[in-house]
Amino acid sequence: MIFSEQITCLLDEKPLAYIATADNIKKPNISLKGIIDYNKDKGIIYFLDLFSKKTRTNLKINKQISIAVVNEKSVSAFQFKGTTEMINNGPLFEKYAENWDEKQTDAFREEINWNFLTSFSNAAKEILLPAPKYLVKVT
């Protein structure tokens with residue numbers, strides 16, 4: 001699948017993604033993840049899994065996945081279905097794992113700025129996030 005301009009605009013916003021997997025008895029599980037990158041021409045989506053227990057277990061059994069991304073401001077949403085590959089070492093994993101700390105710091109800064117500008121106090125949860133365990137490539 002080649003992503004349209006509308007899809008790439010939504011993915012550029014790095015939205016939260018609802019990741020749906022199923023276990024061996026087809027019992028569904030949905031988990032929130034952050035899309036970290038995509039390849040427009042090849043139709044590939046990448047996300048890092050930080051809390052991997054159920055998602056990882058399900059993807060080992062069943063490589064099929066459904067991803068829903070939503071932008072509530074522009075009222076746009078897309079669903080992607082594909083096959084996964086879990087990557088926990090090598091150049092591709094290292095590329096995204098190394099950038100994780102930087103992305104985490106940027107998100108923390110943005111939250112602090114937003115809290116300051118809006119006088120809203122919210123604990124910065126990003127600091128508590130663990131290091132990624134693996135990268136998921138969806139084709």
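## A walk through the fold

Start at the N terminus and follow the protein chain along: its elements come in the order α-β-β-β-α-β-β-α-β. That gives three helices and six strands in the protein chain. Keep in mind as you look around that this is a predicted model. The protein chain has 139 residues, and 37% of them count as buried. Its accessible surface comes to about 8900 Å², with 55% of that belonging to carbon and sulfur atoms. As for how the chain meets itself, take the contacts between residues at least 6 apart in sequence: 63% of these join residues at least 24 apart.

Let's begin with helix H1, which covers residues 5-12. Which of its residues are buried? They are Ile7, Thr8, Leu10 and Leu11. Looking down the axis of H1, you'd see these buried residues fall within an arc of 160°, so they line one face of the helix. Turn to the other side of H1 and you meet Glu5 and Gln6, which are exposed. And what do the buried residues of H1 pack against? Three strands: E2 (28-39), E4 (64-71) and E5 (76-87). After H1 comes Lys14, with a positive phi near 50°.

Now for the inside. The largest nonpolar core has 18 residues. Leu11, Ile45, Ile67, Val69 and Phe80 are the ones with the most contacts inside this core. Quite a few elements chip in: H1, E1, E2, strand E3 (44-49), E4 and strand E6 (134-138) each supply at least two of the core's residues. Apart from this core lies another, made of 11 residues, including Ile36, Ile44, Phe93 and Leu135.

Ile45 is a handy spot to pause at. If you set aside its neighbours within four places in sequence, Ile45 is in contact with Phe3, Ile35, Asp37, Tyr38, Ile67, Phe80, Val136, Lys137 and Val138. Two of the names on that list, Ile67 and Phe80, also appear with Ile45 among the residues with the most contacts inside the largest core.

Next, the outside. Leu16, Tyr18, Ile30, Leu32 and Val70 make a nonpolar surface patch of about 480 Å². The elements giving two or more residues to this patch are strand E1 (16-22) and E2. One patch member, Tyr18, is found in strand E1. Is Tyr18 buried, partly exposed or exposed? With a relative accessible area of 41%, Tyr18 is partly exposed, since that category lies between the 20% and 50% cut-offs.

Leu32, another patch member, sits in strand E2. At 47% relative accessibility, Leu32 counts as partly exposed too. Which residues does Leu32 touch, leaving aside its neighbours within four places in sequence? They are Leu16, Ala17 and Tyr18, and two of these, Leu16 and Tyr18, belong to the patch as well. You can also check the spacing between Leu32 and Ile19: they are 13 residues apart in sequence and 6.1 Å apart in space, going from C-alpha to C-alpha.

Finally, drop in on the loop between E1 and E2, where Lys26 lies. Lys26 isn't a glycine, yet its phi is positive, at about 65°. Where does Lys26 stand, buried or exposed? Its relative accessibility is 70%, so Lys26 counts as exposed.

Key. Residues are numbered from 1 along each chain as its sequence is written. This is a predicted model: local features need pLDDT of at least 70, side-chain atom pairs count only at pLDDT 80 or more; totals for chains, interfaces and linings use all residues. Side-chain values use heavy atoms; hydrogens and water are left out. Buried means under 20% relative accessible area, exposed over 50%, partly exposed in between (1.4 Å probe, protein chains only). Helices (H or I, at least four residues) and strands (E, at least two) are DSSP runs, numbered from the N terminus. The arc is that of the directions from the helix axis to the C-beta atoms. Contact means heavy atoms within 4.5 Å. Patches are made of residues with over 30% relative accessible area and no salt bridge: like charges are joined within 9 Å, nonpolar side chains (Val, Leu, Ile, Met, Phe, Trp, Tyr) within 5 Å. Accessible areas come from the Shrake-Rupley method with a 1.4 Å probe; for residues, only the protein chains shown count as cover. A salt bridge is a side-chain nitrogen of Lys or Arg within 4 Å of a carboxyl oxygen of Asp or Glu. A nonpolar core is a set of buried Ala, Val, Leu, Ile, Met, Phe, Trp, Tyr and Cys residues joined through side-chain atoms within 4.5 Å.
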